[in-house]
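Visitor: I would like to learn how the words used for a protein model are justified, so please show me the structure and let me ask about it.
Guide: Gladly; here it is.

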Amino acid sequence: MAVQVRGMGHALPDKVLNNFDLEQMVETNDEWIVERTGIKERRIADSNTATSDLCFEAARMALERAGVEAEELDLIIVATVTPDMMFPSTACIIQQRLGASKAAAFDLSAGCTGFIYGVTVAERFLSAPDCRYALIVGADVLSRITDFTDRNTCILFGDGAGAAVIGKGSTPGILSSYLGADGSGADLLYLPAGGSRIPVSHETIEKKLHFVRMHGNEIFRFASKIMVEICEKLLSRAELDYNDVDVFVPHQANLRIIKTAMKRMNIPPEKTLINIDQFGNMSAASIPVALSMAYEEGLLKDGQLILAAAFGAGLTYGGILFRWGRN
Ligand code: UT7
């Protein structure tokens with residue numbers, strides 16, 4: 001069975017927060033942020049915009065580009081760590097708004113690897129004979145869980161959503177996928193309060209436990225190692241090598257992590273999609289936004305081999321290798 005990426009879309013808030021704005025908020029400076037992370041600016045959702053609003057916009061664009069009607073969808077997965085609310089799922093909220101009445105819908109929590117996890121799960125789902133199309137949205141409004149007085153985290157994150165419609169086709173699209181997790185790193189990136197372990201109280205608010213906590217250095221080390229491992233696994237499973245790759249789409253957490261991976265795999269800058277400078281780390285949205293924008297700019301050609309790899313809270317990691325185009 002061949003499953004192809006049939007269309008991609010994205011949505012980004014209009015408001016730009018640049019490094020100079022952050023200089024006014026915490027003790028940091030543009031030079032440090034650019035040198036250590038590669039980020040120059042990021043988008044921030046206004047107070048009326050929730051994750052589902054960005055998901056809806058990105059999904060509509062992906063459906064239109066795929067030439068698929070919402071009623072034709074069999075499955076909707078929203079990969080996010082910032083759902084509109086604990087329940088119902090953000091996927092159900094957009095199912096209703098899109099009018100995708102036939103689709104099963106659920107959210108998936110795999111941090112920044114969420115989009116990769118979503119595509120992989122949906123691809124397996126489509127192996128059922130009666131299923132044709134799935135929508136996967138990677139979306140986060142990280143500004144809602146970011147402490148803008150903490151310079152260790154607030155410089156990194158941005159808001160956005162990216163979506164893909166995948167479906168059956170006659171020539172292979174997705175060639176290989178690979179997922180993994182290392183729960184021993186669960187305490188490296190987490191949101192302490194708001195779940196069943198530490199429910200929200202006045203005390204959790206006072207202690208700022210409703211904001212993301214991160215041990216950046218440990219994640220950096222993990223990411224620098226795992227990115228290459230993921231890519232090697234994907235390519236060897238498909239019996240291909242780095243020279244065959246036309247487009248490399250790494251998760252956008254830190255430009256230094258991306259450059260290390262490029263160097264180790266000998267993938268040149270002209271083959272690598274980078275949007276961290278403009279949008280920061282948008283978690284599950286980073287990879288689909290990069291692909292959707294590259295499509296819009298005419299950078300993706302039919303038959304090209306695309307290698308996408310990510311890591312994130314969990315710690316989770318994974319990648320997909322696929323050929324662009326549909327038939
Ligand atoms: O999607 C997954 C999510 N997270 C990640 O992938 C994060 C991965 N990690 C990283 O990207 C990097 O570890 C960071 C960007 C978070 C930090 O960069 P670093 O080069 O590892 O810096 P550091 O934490 O080792 O800090 C170096 C120095 C420290 O000062 P001293 O102790 O050397 O005097 C920090 O206090 O830089 C200082 N520093 C800052 N200075 C200016 C830390 N944050 C800032 C800041 N502005 N925002």
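Visitor: How many aromatic pairs does the count come to by the rule?
Guide: The rule pairs rings of Phe, Tyr and Trp (for Trp its six-membered ring) if their centres lie within 6.5 Å, and by this rule the count comes to 3 aromatic pairs. This is a predicted model, in which local features need pLDDT of at least 70 and side-chain atom pairs count only at pLDDT 80 or more, while totals for chains, interfaces and linings use all residues. Residues are numbered from 1 along each chain as its sequence is written, and side-chain values use heavy atoms, with hydrogens and water left out.

Visitor: Why is the pair of Y295 and W324 called tilted?
Guide: Planes under 30 degrees apart count as stacked, over 60 as edge-to-face and the rest as tilted; Y295 and W324 have 45° between the planes and 5.9 Å centre to centre, so they form a pair and the pair is tilted.

Visitor: What makes this pair tie together parts that are apart in sequence?
Guide: Y295 lies in helix α11 (residues 286-296) and W324 in the segment after β13 (316-323), so the pair ties together parts that are 29 residues apart in sequence. Helices (H or I, at least four residues) and strands (E, at least two) are DSSP runs, numbered from the N terminus.

Visitor: What makes the approach of R36 to the ligand a polar contact?
Guide: A polar contact is a pair of N or O atoms within 3.5 Å; within protein, one must be able to donate a hydrogen and the other to accept it, and residues adjacent in sequence count only if both atoms are side-chain atoms. A polar side-chain atom of R36 lies 2.8 Å from an oxygen atom of the ligand, so the pair meets that distance limit. For N217, a polar side-chain atom is 2.6 Å from a ligand oxygen atom, and for N254 the corresponding value is 2.8 Å.

Visitor: Which elements give two or more residues to the shell around the ligand?
Guide: They are α2 (30-37), α6 (151-154) and α8 (216-237), and α8 gives the most, with 4 residues.

Visitor: How do you know which residues surround the ligand?
Guide: A residue is near a molecule or strand if one of its heavy atoms lies within 4 Å of it, and 21 residues surround the ligand, with T28, R36, N217, N254 and N281 the closest.

Visitor: What is the peptide bond from F87 to P88 called?
Guide: That bond is cis, with omega near 0°, and P88 has its place in the loop between β4 (73-79) and α4 (90-98).
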